[in-house]
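Could you walk me through this model in my viewer? I would like to know what to select next and what to look for at each stop.

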Amino acid sequence: MATAKRSARTLKVAPVLELKSMKKRYGGKLVLDGINLSLAEHEVVCLIGASGSGKSTLLRCADLLEPIDAGQISLEGERVAFEDRSADATRRKLGIVFQGFNLFPHLTVLENVALAPRVALGLTQAAAERRAKELLKSLGLAEKAREYPDRLSGGQQQRVAIARALATEPKVLLLDEITSALDPVLVAEVLETLRSLALSGMTMLIATHEMAFAADVADRICYLEDGRLIEEGTPEKIFGAPRDPRTKEFLRRVRAISAPGAKRRAGTRVKRTVRAKR
Ligand SMILES: Nc1ncnc2c1ncn2[C@@H]1O[C@H](COP(=O)(O)OP(=O)(O)OP(=O)(O)O)[C@@H](O)[C@H]1O
Ligand SMILES: [Mg+2]
């Protein structure tokens with residue numbers, strides 16, 4: 001029994017990403033106030049909350065783009081800090097995609113995607129391009145490889161940005177409102193891409209205002225308000241039976257401004273082949 005217990009402990013896999021008591025200030029304002037959040041391998045977590053609640057700041061701090069004022073960040077059990085942001089070993093574990101694509105306009109789609117593995121992982125040009133082509137193909141963009149970003153639709157550009165983030169084979173993908181600059185039709189195509197990534201077992205932390213999408217794809221929903229993680233739970237719990245009055249009020253306001261047809265379809269979560277260990 002003791003041996004079984006010990007080996008279970010030894011085998012316990014560290015979270016892919018772990019944020020402990022994370023605090024972030026801008027000027028005098030506490031924008032993140034003691035965030036505790038961890039992502040297991042293959043887990044998809046959606047951050048929801050009103051504008052200004054701290055979702056983007058949380059992702060930027062987790063991606064080591066911003067220094068934090070207190071707390072700690074760990075990747076696969078190893079503590080990392082802002083100072084490590086350019087260290088290859090750290091950098092390659094994290095992929096981030098922003099709302100505004102941020103593609104290089106003077107590089108082709110293929111060059112945009114091949115750049116990171118060449119620079120961050122030291123792959124040869126040929127190897128980096130091979131990887132980039134595979135990724136573009138898997139995202140339905142093979143025929144766009146030689147185009148420049150401005151010849152692509154917003155949805156296609158966003159998928160190129162996702163391909164670029166995946167090119168270093170990150171352990172966790174951080175996605176910040178990546179559909180909010182897109183037309184509804186293009187939103188659907190990008191969300192479909194994320195659904196496939198979730199099905200393939202990619203670990204993701206996603207800030208989103210798309211509640212139906214969050215309900216569909218997430219293992220866990222985290223509700224943020226004023227830099228605090230107010231409540232977390234399965235989509236069924238958070239959308240179906242939130243406990244905290246603040247979560248209830250936020251969802252009431254969101255539903256009030258959604259068209260009736262845009263309401264969440266209950267119980268429509270995707271079945272994934274790879275499930276998070278709980
Ligand atoms: N670079 C910055 N300098 C000063 N304050 C900032 C900075 N970035 C964010 N903030 C402030 O931090 C708070 C959280 O902002 P953040 O962008 O993280 O919110 P959000 O939840 O992502 O909002 P949205 O849904 O509108 O994207 C806001 O009050 C914002 O004004
Ligand atoms: Mg934001």
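One term first: two residues count as being in contact if their C-beta atoms, placed from the backbone, lie within 7 Å. Keep in mind, too, that this is a predicted model.

**First stop: the four-stranded sheet.** Select strands 2, 1, 4 and 5, in that order: together they form an open sheet with antiparallel pairing. At its edges you will find strand 2 (29-39) and strand 5 (78-80), each of which pairs on one side only. Direction ignored, neighbouring strands here are turned by 30° against each other on average.

Now zoom in on strand 1 (residues 17-26) and strand 4 (residues 70-75), an antiparallel pair joined over five bridges. Show K23 and look across to strand 4: A70 stands opposite.

**Second stop: the six-stranded sheet.** Next, select strands in the order 6-7-8-3-9-10 to bring up an open sheet with mixed pairing. Strand 6 (94-97) and strand 10 (228-233) are at the edges; each has a single partner strand, so one side of each lacks a neighbour in the sheet. The average turn between neighbouring strands of this sheet is 20°, direction ignored.

Within it, pick strand 3 (residues 44-48) and strand 8 (residues 203-207), which pair in the parallel sense over four bridges. Here L47 faces A207 of strand 8.

**Last stop: the helices across this sheet.** Add helix 2 (residues 55-62), which lies across strands 3, 6, 7, 8 and 9 and runs at about 145° to strand 8. Then add helix 6 (residues 154-166): this one lies across strand 6 and strand 7, at about 170° to strand 6.

Notes: Residues numbered from 1 in each chain as written. Chains lettered and ligands numbered in written order. Predicted model: local features only at pLDDT ≥ 70, side-chain atom pairs only at ≥ 80, totals over all residues. Pairing = 2+ DSSP bridges. Helix = DSSP H or I, 4+ residues; strand = E, 2+ residues; numbered from the N terminus. Axes fitted to C-alpha atoms, helices over the stretch in contact; angles between N-to-C directions.
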